[in-house]
Amino acid sequence: MNCELEQHLIDSLFQGVGHCVTVCNATIGLMLAIRLVIDRKSGAGRARKYALMPAFTFAATAHAAIWNNLIPLFCDIEPDTWQASPSSLRDLIVQFSDEIAVIVPYATFGQSLDLSAYQALSSDYELPVVVDAAASLGCVDACGRQFGSGSPDPVIYSMHVTKTFSTSEAGMVYCNDEQTVEQLRAMGNFGFGIPRCATLPGLNAKLSEIGALLALEKLKAFGGVIKHRQQLEDVYRQHLPELTFQATAGGRNAYQFMPALVPANSDRQRDYVIAKLAEAGVMAGKYFSPHLAEQPYFRERCKLVDLSVTEEVGSRIISLPMYDSMTLADVQAISEAARAALTS
Ligand SMILES: *Cc1c(COP(=O)(O)O)cnc(C)c1O
C-alpha cells in the first residue's frame, strides 16, 4: 500500500516529477530531514547551533529542530503574506552566518512560497534548507504545479486530519533528489542502510499499511476537495470585506481552514469575536497564537530577536471553519455571524 501510495502521489500530484517517502506524521518527517541535512555537513559545519525559522508556525517545526539539538532562531514575517520576511532572514543570516545549521521555511497555511529565493540563500551562504509544507498538499505554485514540485531540498507534507489532505495520522517527505529520499527512507526504517544493519541514525517513521490505504482513498477524491475548498475561500473573501485575508504569491491555495485578521485598533478584539462566534455555534480558532516565541518551552530555548510583525499578526489572527461537507450557504451563515460579532 505504501509503495502504491508513493507512486500515485508522485504521478497524480507531482506530475511524475521527483521522489517521496511516506512517514507516520510530518513532525517525524521534519526531524529526519533536518538530521539528514545537518549530518551532511562536515567538520565545523556540524557544530552549528541554530535552526532559522519563522516564529509564526506550528510547534512541530521548532520541536523537530530541538530534537536535533538545535536552537530555534526565529525570524519575523511579512505583514501581508504572513511568510518569513526576506529582510529579517537576511539580517539574521548576516548576523549569525556561521552558527546557522539549517533554514526551515514554512509555507504559511499552505500559501505558495518562493522556493527559488531559499535556494539562492542556500547557495550564497552554504546553508541547507528543509521546507515545512505541512499544510500544502493541494496548493499549486505560480506555475500551476503542486507546491514543492521539483524541489532539490526536502519538503515535508502532513496528512493529518486537520489538513486539506486529511487522513488520520500520516505524512510524506518529497524531494527531487532520489538519494535524499532513499536515505530518509533508510533513516525512518531504523537507520538500515543495508538490510537489518544500521548505517545511519534511525527511528521508526513508517506509515502503517492501513494509513497508506486511507491516503490512497483520499487521493481519489482529492481533486474535488481542492476545487470545493477554493470555492469556499472565494465566498469567505467576498462576504467578509471587514477582515484582512492572506495575500497570495501567485498560485492557488486549498485552505485547511480560513485564516484572516480582525481589524486593527478595533474594540472588537480577536478573542471577543471568537467568543461571539462560539455563542452562535461556530468554532473558530487562532492559529498560530500564541506564536512560538510566546510558548514557554520555546521561549526558554530560542534566540529572541525583534518579532513585531509576528506579534501584530498573532494578536489579530482568527481561523474560520472549513471542511469537506461544508456548503456555500454555511460560509454565508458563518460570515453573517462574524460580521455581527465585529460590528454589533
Ligand atoms: C500540522 C503541522 C505540522 C505537523 O504535522 P503532523 O503530521 O501532525 O505531525 C508541522 N508543521 C506545521 C506548520 C503544521 O501545520
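User: Which residues does Met172 touch, not counting residues up to four places away in sequence?
Analyst: This is a predicted model in which local features need pLDDT of at least 70 and side-chain atom pairs count only at pLDDT 80 or more, whereas totals for chains, interfaces and linings use all residues. Residues are numbered from 1 along each chain as its sequence is written, and side-chain values use heavy atoms, with hydrogens and water left out. With contact taken as heavy atoms within 4.5 Å, Met172 touches Leu9, Phe14, Cys20, Val21, Thr22, Val23, Leu137, Val155, Ile156, Tyr157 and Met159.

User: Which helix gives the most residues to the largest nonpolar core?
Analyst: A nonpolar core is a set of buried Ala, Val, Leu, Ile, Met, Phe, Trp, Tyr and Cys residues joined through side-chain atoms within 4.5 Å, where buried means under 20% relative accessible area, exposed over 50% and partly exposed in between, with a 1.4 Å probe and protein chains only. The largest such core holds 45 residues, of which Leu9 and Met172 touch the most other members. Helices are DSSP runs of H or I with at least four residues, strands are runs of E with at least two, and both are numbered from the N terminus. The helix that gives the most to this core, with seven residues, is helix 7 (residues 209–239).

User: Which backbone oxygen lies 2.7 Å from a polar atom of the side chain of His228?
Analyst: His228 is found in helix 7, and, leaving aside its neighbours within four places in sequence, His228 is in contact with Tyr323, Asp324 and Met326. The backbone oxygen at 2.7 Å from a polar atom of its side chain is that of Met326.

User: Is Glu6 buried or exposed, and what is its relative accessible area?
Analyst: Glu6 lies in helix 1 (residues 2–13), and beyond its neighbours within four places in sequence its contacts are Cys20, Val21, Thr22 and Arg185. A polar atom of the Glu6 side chain lies 2.9 Å from the backbone nitrogen of Thr22. Glu6 counts as buried because its relative accessible area is 9%.

User: Which side chain does a polar contact of 2.5 Å join to that of Thr180?
Analyst: Thr180 has its place in helix 6 (residues 178–187) and is buried, at 1% relative accessibility. Outside the residues up to four places away in sequence, Thr180 touches Leu36, Arg40, Pro154 and Cys175. A polar contact is a pair of N or O atoms within 3.5 Å, of which, within protein, one must be able to donate a hydrogen and the other to accept it, and residues adjacent in sequence count only if both atoms are side-chain atoms. The side chain joined to that of Thr180 at 2.5 Å belongs to Asp177.

User: How many residues does helix 2 give to the lining of the largest pocket?
Analyst: On a 1 Å grid over the protein atoms alone, a pocket is an open set of points where a 1.4 Å probe fits, with protein on both sides within 12 Å along at least five of seven lines, and lining residues have an atom within 4 Å of a point. The largest pocket is lined by 34 residues, with Thr162, Lys163, Gln256, Phe257 and Tyr287 nearest its centre. Helix 2 (26–40), helix 3 (59–66) and strand 12 (317–320) are the elements that give two or more residues to this lining. The largest share, from helix 2, is three residues.
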